Amino acid sequence: MTVQSRHSVPNREYKSRMFVRIFEDKQKLLELYNAVSGKHYSDPELLTINTLENAIYMSMHNDLSFLIDSRLSLYEHQSTQNPNMPVRFLIYLSDLYASMVKGKNLYGTRMIPLPTPRCIVFYNGHAEQPDREILYLSDAYTVKDGDYSLELKAEVLNINAGHNRELLETCRTLGEYAEYVRRVREYTGEMPIEDAVERAIRECIAEDILKEFLEQNRAEAKAMSIYEYNEEEHIRMEREDAFEDGRKAGYESGVEEGRKQERMNTEKEKRRAEQERERAEMAESEIQRLKTELEILRIRND
């Protein structure tokens, strides 16, 4: 059963994530890559960004993908837990590899080299999440025999405040982004989202937190932050509604099942009573027959 939405869908005019807008800058992206990989590259021009605008399937687009040193990195930002990230990465990779081998002889005897992929999710949602978790494509397989022809793993890194401190310190921009998000969330508990975002932006600029980005993209940053917050709330409420609908449906189904069982029990009791009555009548008839036979024998003997 499809659950109908009861809540307004967030305005998708600002669907570009603030995370993506920050790290589509090559210098910032290289800083993030170095922090994640342990490398020490200094020239951002070594990066070749090849982020998909639309994947083949479902008009998806990934957040960030790029090539450096024959490695293909795919980065996704998530504010909700999503066990389907491995299959999403598989779709993105298939599309990227398809574009890389286009025009090349896939039927030839010479192997076509492919860059080595690494798939990472940067998570900063409300739900509890360990510092690091690995999701496997095979987790979704219906047959668990361990002999898989295809496997893909996605690394989930928690970038909320208090998690992965070394990563957030090594990549200052990522740490500042995490702090900005923390403030927005904290202030939304005290005031409307528009005021909370404005306060967070004002404080962060004053404290040199994402200062350059926020100064240059203040209106866009505010719009994106409000959109992302509304989207999170929309997803949360939709899930709560789905749970409530499921609970209600389960309750109603249980009540109906109980009534059905009660009717069945009543019918059984009726059949049992009827059978007992029939047996009693048969027994009474048999008794009367035996009494008649005994009376006849008595008369004969007399």
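## Second pocket, helix 3 and aromatic pairs

By class, eight charged, three polar and three nonpolar residues make up the lining of the second largest pocket. The model is a predicted one. The volume of the second largest pocket is about 320 Å³. Its lining has 14 residues, and Lys28, Leu210, Lys211, Glu212 and Phe213 are those that lie nearest the centre of the pocket. At least two lining residues come from each of helix 1 (18-23), helix 5 (172-188) and helix 7 (211-216). Helix 7 contributes the most to the lining of the second largest pocket, with four residues.

Helix 3 covers residues 85-100, and its 16 residues should span 22 Å at 1.5 Å a residue; the end C-alpha atoms are 22 Å apart, so the expected span and the model agree. The buried residues of helix 3 are Met85, Pro86, Arg88, Phe89, Ile91, Tyr92, Leu93, Asp95, Leu96 and Tyr97. These buried residues pack against strand 2 (64-68), strand 3 (71-78), strand 4 (116-123), strand 5 (132-136) and strand 6 (153-158).

Turning to the aromatic rings, the structure holds nine aromatic pairs. A pair of aromatic rings is described by the distance of the centres and the angle of the planes. Two of these pairs are set out below.

| Pair | Centre to centre | Angle between planes | Class |
|---|---|---|---|
| Phe19 and Phe23 | 5.0 Å | 45° | tilted |
| Phe89 and Tyr92 | 6.3 Å | 85° | edge-to-face |

The Phe19 and Phe23 pair counts as tilted because its planes are at 45°, and the tilted class takes angles that are neither under 30 degrees nor over 60. Phe19 and Phe23 are four residues apart in helix 1, which means that about one helical turn separates them. Both Phe19 and Phe23 are buried.

Phe89 and Tyr92 form an edge-to-face pair, with 85° between the planes. Both residues belong to helix 3, where they are three residues apart, about one turn of the helix. Phe89 and Tyr92 are both buried, and both are among the helix 3 residues listed above as buried.

Which residues do ring pairs link into a cluster? The cluster consists of Phe19, Phe23, Tyr33, Tyr41, Phe66, Tyr75, Phe122 and Tyr177. Phe19 and Phe23, the tilted pair of the table, are thus both members of this cluster.

Key:
Residues numbered from 1 in each chain as written. Predicted model: local features only at pLDDT ≥ 70, side-chain atom pairs only at ≥ 80, totals over all residues. Heavy atoms only, no water. 1 Å grid on protein atoms, 1.4 Å probe; cavity = no way out; pocket = protein on both sides within 12 Å on 5 of 7 lines; lining within 4 Å. Points joined across faces, edges and corners; volume = space filled by probe spheres on them. Nonpolar A, V, L, I, M, F, W, Y, C, P; charged D, E, K, R; others polar. Expected span 1.5 Å × (residues − 1). Buried < 20%, exposed > 50% of the residue type's maximum accessible area, 1.4 Å probe, protein only. Contact = heavy atoms within 4.5 Å. Phe/Tyr/Trp six-rings, centres within 6.5 Å; stacked < 30°, edge-to-face > 60°.
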